[in-house]
Amino acid sequence: MSKKKGLSAEEKRTRMMEIFFETKDVFQLKDLEKIAPKEKGITAMSVKEVLQSLVDDGMVDCERIGTSNYYWAFPSKALHARKHKLEVLESQLSEGSQKHASLQKSIEKAKIGRCETAKQIK
């Protein structure tokens, strides 16, 4: 008598993104509420919540056209987002390296006029 374990929020988000990436299509909420339970095992009650969290994080795009909301996410957008994040991190790394080097030089300059003592201050 094993109980069926529910999916974690992160698993639901991943599976929802798989729906978008595999189909490369645009959906309405009611379409996703039908597709997600059948194909990915996400309960229909939590589809809206998971979808909203993905929209809030910028992983899924949402546009209101007339009275309907349409949702989509394409693999190319995720690739561009990762490339942009990588560029930002690399620039931060190079800035940090430059700052580290300049601080090391200033430490060396500060050590020039000082002599080391054997005393320990308590």
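**Sheet order, serine 53 and domains in a predicted model**

In this predicted model, three strands form an open sheet in the order E1-E3-E2, and the pairing is antiparallel.

User: What makes strand E1 and strand E2 stand at the edges?
Analyst: Strand E1 (27-28) and strand E2 (61-65) each have a single partner strand, so one side of each has no neighbour in the sheet.

User: How do you know that E1 and strand E3 pair?
Analyst: Two strands pair if at least two bridges are found between them. E1 and strand E3 (residues 68-72) have 2 bridges, in the antiparallel sense, so the pair meets the definition. Phenylalanine 27 stands opposite tyrosine 71 in E3.

User: Why is serine 53 called partly exposed?
Analyst: Its relative accessibility is 23%. Buried means under 20% and exposed means over 50%, so a value in between counts as partly exposed. Serine 53 is placed in helix H3 (residues 44-56).

User: What makes the approach of the serine 53 side chain to valine 50 a polar contact?
Analyst: The serine 53 side chain reaches the backbone oxygen of valine 50 at 2.7 Å. The cut-off is 3.5 Å, for a pair in which one atom can donate a hydrogen and the other accept it, so this distance lies within the limit.

User: Which residues does each domain cover, and how far apart are the domain centres?
Analyst: The domain assignment gives domain 1 (9-73) and domain 2 (75-121). Their C-alpha centres lie 41 Å apart.

User: Which residues does the annotation "domain: Mnd1 HTH" cover?
Analyst: The unreviewed UniProt entry places it on residues 16-75. Over that range the chain is 57% helix and 20% strand.

Notes
Residues numbered from 1 in each chain as written. Predicted model: local features only at pLDDT ≥ 70, side-chain atom pairs only at ≥ 80, totals over all residues. Heavy atoms only, no water. Helix = DSSP H or I, 4+ residues; strand = E, 2+ residues; numbered from the N terminus. Buried < 20%, exposed > 50% of the residue type's maximum accessible area, 1.4 Å probe, protein only. Domains from an automatic or database assignment. UniProt positions renumbered as here; feature names shortened; annotations may be inferred.
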